Amino acid sequence: MFTVYVLHSRDFDKTYTGFTNNLENRLAAHNHPQNKGWTRSFQPWRVIHTETFETKSLAMRREKQLKTARGREFIKTKIL
């Protein structure tokens, strides 16, 4: 099982969309002080939306959809 997730940083009003097969570990990595990625600058993160998929390819497709203009609008209007 794979999870597509949307994170939100309240302090910076930023969102991040990704997918994983272990959401708990992935969230911990995003919030870890030694995180070297883009999400480090906007910690702390909280999960605001998840969708579960049977296959990696389906999860990747949905992640890509949520990163389009239409997907970002869905996140903004339906989730936030």
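This is a short talk on a sheet, its helices and one buried glutamate, Glu51, in a predicted model.

Residues are numbered from 1 along each chain as its sequence is written, and side-chain values use heavy atoms, with hydrogens and water left out. Because the model is predicted, local features need pLDDT of at least 70 and side-chain atom pairs count only at pLDDT 80 or more, while totals for chains, interfaces and linings use all residues.

The sheet comes first. It is open, with 3 strands in the order E2-E1-E3 and antiparallel pairing; strands are DSSP runs of E of at least two residues, helices are runs of H or I of at least four, and both are numbered from the N terminus. Two strands pair if DSSP finds at least two bridges between them. Strand E1 (residues 2-9) pairs with E3 over 7 bridges, and Thr52 in E3 is the bridge partner of Thr3.

Now to Glu51, which lies in E3 (residues 46-53). Is Glu51 buried or exposed? Glu51 is buried, at a relative accessible area of 18%; buried means under 20%, exposed over 50%, partly exposed in between, with a 1.4 Å probe and protein chains only. Its side chain makes a polar contact of 2.7 Å with that of Arg62. A polar contact is a pair of N or O atoms within 3.5 Å; within protein, one must be able to donate a hydrogen and the other to accept it, and residues adjacent in sequence count only if both atoms are side-chain atoms.

Arg62 leads to the helices. Arg62, Gln65 and Leu66 in H2 meet Gly71, Arg72, Phe74 and Ile75 in H3, where contact means heavy atoms within 4.5 Å.
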